[in-house]
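Biologist: I'm new to this one, so please take me slowly through the chain contact and what lies around it.

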Amino acid sequence: MVFFSEFAVAEKVAPGDKLKRKIKKTLKPGLARPISKKQAEIERMKAEEKSRQRVSKYYYTYIDRDHTTEENAKNIGAVYLISWGIYPLTQPDTFRKEGSFSNYRENFGKLTFDQDEPFWNWFVHPISGSQLFLYYRANGYSRSQALAMSFISSTLFEFTVEIYTEPASVQDLYQTPILGAVLGVGIENLSMYLLNTGNAVGRFFGHVLNPSTLFWFYEGKVRMVPRWDGKKSASVNYILEF
Amino acid sequence: MEKLLGKLFWIYLTLQLAWLPAFSYEDELVLKGGVNAGRMEITGFNGSEDNSGGVGFNTHFGYKWTKWEFALSSYIYYGKVDQLAFQGNSSQINGNGSFRHVSFGPLLKYLTDYQPFKNYNFYFGGGPSWSLQTIKLEDFRVVSGEFKRQHKLTYRSFGGLLVFGIEEQMAFKQQHPVYVEFVYSYMAASKVSVVDAGDFSDTNILSESKPGQSIETWFWMISAGIALF
């Protein structure tokens, strides 16, 4: 296989040589002079190597920023409204059998140690807490701020939503945000790794583990345009959408 | 004389280095987590006693000033009980089984200037502690009353804990400073419940009462962990 380049042709054309001038006119930029087989092989390998590279369109990360009081109130309000919808949907039997407004009045302000099985306290609640933590992380809160916001949200849930069926629990109040944040940091790191592998399987599992990265409020999705001239210089343009 | 002065100088320098003020992150929220292992001593009904080992994990979320740190802390511990007598729901049971302990409470810590190793400072602290201890008997004999295999006993307890340890002093918490501490805790039960754990999705409390006599637990634990963020 023979490759050409515009500059190489220009070197070969002698003044007055019509045929070679014609070749020069018909050749497009980027095509070049006849080169040796060894050089052709190198070019072929470079092209093959380039074709094997997976170009990641987006780079997934977290960008921490400050928030106004209004933003904080909006986020807490949104989570609170969602929790009123999610609770009866995820535990319909409990909500139907044990839930009532008389229970709500009776449980209001109460705090107890629940007798739930470890499945709930050390599995379900930390997982819920981790997703809450990742929701706030997606909204641009730092890890500490996301944990503090999760604490507020889960406390509101415990004292004003879950009391429809049972009193607020000490374990849930502590373990949902705290163990949730510990788990959330692990999920955050793993999902960022998977999302940035650049392959479809990695992206799929990254989004499954960390669904907040799929929504419009996720602020860490950075458009990435890699540039490489095939020789020495390479660069990456980052485009961040607000 | 010169040798003595030289020695005194080196002693002075060593003491100065040892008592250097802690240089670490401050005025920040911090979440720490680690694992713990230790021994537990428990007294059951009718003076029965057991002493066994166990493992668990701990978390602390709080605020760190320069030397003081205030955190909400939790210690979780899994162990075994062997040949202990229990009383609950008018039943008396002897048996062996698993033991779970989860405690919560505020913990106030003070970081000293003394560094046994470079960048590691001693600290001590303490605070009250509320806990729920769960005993699931696997092999048991019912002395009186009724107690089934799917039942579990839970003790609501109150007590306190003391901690003494060393913590790495780093400029930023993002460097995940390490802590290693010795924990001593005492708990006394205030309420005992018999719970039907047959259906894990539904908690059915069969009875709640004051423990017939003093049910006490002592823990000695070594805990090690890092500042997560």
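Modeller: The contact draws 32 residues from chain B and 24 residues from chain A, where contact means heavy atoms within 4.5 Å. Put together, the two chains bury about 2,400 Å² (the accessible area, with a 1.4 Å probe, that two parts lose on being put together, summed over both). Carbon and sulfur atoms carry 71% of that area. On the chain B side, the residues that lose the most area to chain A are Phe104(B), Phe200(B) and Phe229(B), and together they make up 27% of what that side buries.

A word on the ground rules. This is a predicted model, so local features need pLDDT of at least 70 and side-chain atom pairs count only at pLDDT 80 or more, while totals for chains, interfaces and linings use all residues. Residues are numbered from 1 along each chain as its sequence is written, chains are lettered from A in the order in which they are written, and side-chain values use heavy atoms, leaving out hydrogens and water.

Now for the two partners. Chain A comes to ten helices and five strands, with helices being DSSP runs of H or I of at least four residues and strands being runs of E of at least two, numbered from the N terminus. Chain B has one helix and nine strands, and along its sequence the helix comes before the strands, in the pattern α-β-β-β-β-β-β-β-β-β. Of the 242 residues in chain A, 38% are buried, and of the 229 in chain B, 48% are. Buried here means under 20% relative accessible area, exposed means over 50%, and partly exposed is in between (1.4 Å probe, protein chains only). Take the contacts between residues at least 6 apart in sequence: in chain A, 71% of them join residues at least 24 apart, and in chain B the share for 24 or more positions is 70%.

Back to the place where the chains meet. The largest nonpolar core has 35 residues (such a core is a set of buried Ala, Val, Leu, Ile, Met, Phe, Trp, Tyr and Cys residues joined through side-chain atoms within 4.5 Å). Its members come from both chains, and the ones touching the most other members are Phe133(A), Tyr136(A), Leu147(A), Ile178(A), Leu31(B) and Phe229(B). At least two residues each come from α4 (69-90), α7, α8 (143-160) and α9 of chain A and from β4 of chain B. The biggest giver is α9(A), with nine residues. Look at Leu31(B) to see the mix: leaving out residues up to four places away in sequence, Leu31(B) touches Leu147(A), Ile178(A), Ala181(A) and Val182(A) across the way, plus chain B residues including His60(B), Phe61(B) and Phe229(B). A second, separate core has 28 residues, among them Ile42(B), Leu111(B), Val194(B) and Ile215(B).

There are gaps too. Five cavities of 30 Å³ or more turn up. A cavity is a set of points on a 1 Å grid over the protein atoms alone where a 1.4 Å probe fits but cannot get out, and lining residues have an atom within 4 Å of a point. The largest holds about 110 Å³, a volume being the space filled by probe spheres set on the points, which are joined across faces, edges and corners. It has 16 lining residues, with Asp116(A), Asn121(A), Arg100(B), Leu132(B) and Thr134(B) lying nearest its centre. Both chains help to line it: α7 (118-138) and α9 (170-195) of chain A and β4 (91-111), β5 (120-144) and β6 (151-168) of chain B each supply at least two residues. By type, the lining divides into four nonpolar, seven polar and five charged residues.

Two chain B residues are worth a stop. Ser193(B) sits in strand β7 (residues 178-196) and counts as buried because its relative accessibility is 1%. Ser193(B) also reaches the other chain, with Gln115(A) among its contacts beside chain B residues such as Lys152(B), Thr154(B) and Glu208(B). Lys32(B) belongs to strand β1 (residues 28-43), and with 0% relative accessibility Lys32(B) counts as buried. Its contacts include Glu69(B), Glu167(B) and Tyr179(B). The C-alpha atoms of Lys32(B) and Thr59(B) are separated by 5.6 Å, though the two are 27 residues apart along the chain.

Notes
1 Å grid on protein atoms, 1.4 Å probe; cavity = no way out; pocket = protein on both sides within 12 Å on 5 of 7 lines; lining within 4 Å. Nonpolar A, V, L, I, M, F, W, Y, C, P; charged D, E, K, R; others polar.
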